[in-house]
Amino acid sequence: MIISAKPTPCRGTLSRFPLLHWTNIGRGYRLACLCGTAGQLAHGVMRQKRFKIIYLELTNACNFTCDYCPIDQQTRKKTIMSSEFARSIIDQIADNDLTYFLTFHLMGEPYLHKDLCALTGYAEERGLKVRLLTNGSLLERNRNEALFKNKLTRLEVGFRTPNDTSFNMRLRGGRLTLAKYIERVNELIDDKVRLAAKTELCIKFFIRSHNAAIGLGDPYEHLTSREDNLKLARLFQAHTISTAQKYNVPTDGWERLPVRIVDGEYPIFPGIFIAFSRIQDFWVREQRGQGNGNGYRGFVGGCSAAFRDDFGILASGEVTTCCVDYDGKNVIGDLRKLSLLEVLESAEAKRILRSFKWFIPPTEFCRECRGGPTLLNSIAKQASTIAIDIKDRMAPRKQYQSLRDRLEE
């Protein structure tokens with residue numbers, strides 16, 4: 001290895017060693033180096049996990065029918081993965097040290113799986129940090145406490161619907177109201193504070209897509225309303241503070257934290273976060289039946305999934321490129337027939353990874369995803385995804401470095 005005598009810029013500070021930085025050196029390894037002249041350099045090699053997160057779909061069934069999710073456009077048979085099969089996949093992921101984080105959704109509501117708590121505990125015992133995303137409709141005290149007991153790392157509630165208009169579009173003929181929905185999230189916060197659970201909570205809302213932010217896309221105001229989002233975020237903040245006071249937990253000035261909308265997340269109390277993410281307009285169009293090859297496909301575009309930072313495993317055991325592939329159109333292998341490593345080392349997985357390396361969408365579904373309903377929208381999306389991907393390659397969003405740092409404290 002040749003080391004320059006000039007000061008060497010490196011990326012990403014090691015939290016426990018403030019003078020050390022990481023730089024990529026290829027083949028899945030990174031160099032820990034002390035930035036400075038050659039005479040000052042000290043280094044060591046550390047194995048880097050192959051993926052940032054893996055999506056393991058326990059079921060593709062859901063009790064909600066959301067306006068922003070193409071749940072009704074699936075042609076896949078609704079199924080629930082057996083617990084034995086799920087454990088075997090978890091074992092393959094853990095044995096091969098493939099990822100930092102595991103999540104139990106792609107489509108579907110993981111709370112519909114009867115062994116969710118046990119599978120969460122099993123994955124955590126195998127050294128995989130579980131980031132569980134739920135729509136929040138099935139939250140209840142016994143399940144909350146069981147997940148906390150099984151050492152769930154992080155529970156994310158996709159609240160997403162901050163008003164009656166958007167919430168009523170989620171229901172499948174059920175009787176749940178927005179008020180009751182809010183109450184269930186508040187009870188989750190109460191359980192977290194009361195039990196002093198280490199599990200992080202995160203309540204998630206939508207903001208406009210990049211294209212909508214510059215006037216080239218539908219803002220989906222019923223889902224992204226700034227006024228409604230702030231109202232709900234402040235409500236959850238107030239409830240968190242009052243709950244802490246009820247259980248004599250010091251608030252230490254957290255009640256003075258201004259609630260704001262950002263492209264990202266921030267804590268409103270230790271271990272409790274509010275998050276805002278950009279709406280996936282491609283999924284909204286698919287759910288509304290506006291996809292199916294309509295619009296203008298993207299012929300270039302960026303993507304950090306597709307076997308680079310992450311990939312998905314469907315409830316059937318089939319392996320696909322990403323969490324956006326709701327109908328399994330990009331399936332490249334089946335874990336009922338092959339091992340996970342055999343799928344990941346297949347020619348097709350390598351082709352897809354190589355194609356996106358050069359910003360070329362490798363499949364028809366990828367081209368539809370990177371496109372848009374109008375020519376201008378499509379061009380803007382292709383350009384913006386490339387810009388985002390370039391930024392990701394320099395400072396990956398899915399590294400979840402702040403969360404990893406908190407877990408090491």
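Start with helix 5, which lies across strand 8, strand 9 and strand 11 (272-278) and runs at about 150° to strand 9. Keep in mind that this is a predicted model, so treat what follows as a reading of that prediction.

Now look at the sheet under discussion. It is an open sheet of 10 strands with mixed pairing, and the order is 10-11-9-8-7-6-5-12-13-14. Its edge strands are strand 10 (264-269) and strand 14 (333-334), each of which pairs on one side only. For a closer view of one pairing, take strand 6 (residues 99-103) and strand 7 (residues 129-134): they run parallel and are joined by 2 bridges. If you want a spot to centre your viewer on, leucine 102 stands opposite valine 130 in strand 7.

Back to helix 5, this time for its side chains. Arginine 194 and aspartate 191 meet there in a salt bridge, 2.9 Å from N to O. Both residues lie in helix 5 (residues 178-195), 3 residues apart, or about one turn of the helix. How exposed or buried are the two partners? Arginine 194 is partly exposed because its relative accessible area is 30%, while aspartate 191 has a relative accessible area of 0% and is therefore buried.

That local pair has a long-range counterpart to look at next. Arginine 406 forms a salt bridge with glutamate 200, and the closest N and O atoms are 2.5 Å apart. This pair links distant parts of the chain, with arginine 406 in helix 14 (residues 401-408) and glutamate 200 in strand 9 (residues 200-207), 206 residues apart. Arginine 406 has 25% relative accessibility, so it counts as partly exposed. Glutamate 200, with a relative accessible area of 7%, is buried.

Then there's the pair of glutamate 156 and arginine 154, whose side chains meet in a salt bridge at 2.8 Å, N to O. Why do both of these charged residues count as buried? Glutamate 156 is at 3% relative accessibility, so it falls in the buried class, and arginine 154 is buried because it too comes out at 3%; the cut-off for buried is under 20%.

Zoom out and these contacts join up. Arg131, Arg154, Glu156, Glu200, Lys204, Glu265 and Arg406 are linked in a network of salt bridges. For the whole structure, the count comes to 33 salt bridges.

Charges also turn up over rings. The charged end of arginine 404 sits over the ring of tyrosine 100, 3.7 Å from its centre. Arginine 87, in turn, lies over the face of tyrosine 122, at 5.9 Å from the ring centre.

Finally, the aromatics. The structure holds 13 aromatic pairs. One of them is phenylalanine 159 with phenylalanine 205, a tilted pair at 5.7 Å centre to centre with 50° between the planes. Phenylalanine 159 lies in the loop between strand 8 (154-158) and helix 4 (164-168), and phenylalanine 205 lies in strand 9, so the pair ties together parts that are 46 residues apart in sequence. Both phenylalanine 159 and phenylalanine 205 are buried. They belong to one aromatic cluster formed by Phe64, Phe159, Phe167, Tyr181, Phe205, Phe236 and Phe276.

Key
Residues numbered from 1 in each chain as written. Predicted model: local features only at pLDDT ≥ 70, side-chain atom pairs only at ≥ 80, totals over all residues. Heavy atoms only, no water. Salt bridge = Lys/Arg side-chain N within 4 Å of Asp/Glu carboxyl O. Buried < 20%, exposed > 50% of the residue type's maximum accessible area, 1.4 Å probe, protein only. Helix = DSSP H or I, 4+ residues; strand = E, 2+ residues; numbered from the N terminus. Phe/Tyr/Trp six-rings, centres within 6.5 Å; stacked < 30°, edge-to-face > 60°. Lys NZ or Arg CZ within 6 Å of the ring centre and 35° of its normal. Pairing = 2+ DSSP bridges. Contact = heavy atoms within 4.5 Å. Axes fitted to C-alpha atoms, helices over the stretch in contact; angles between N-to-C directions.
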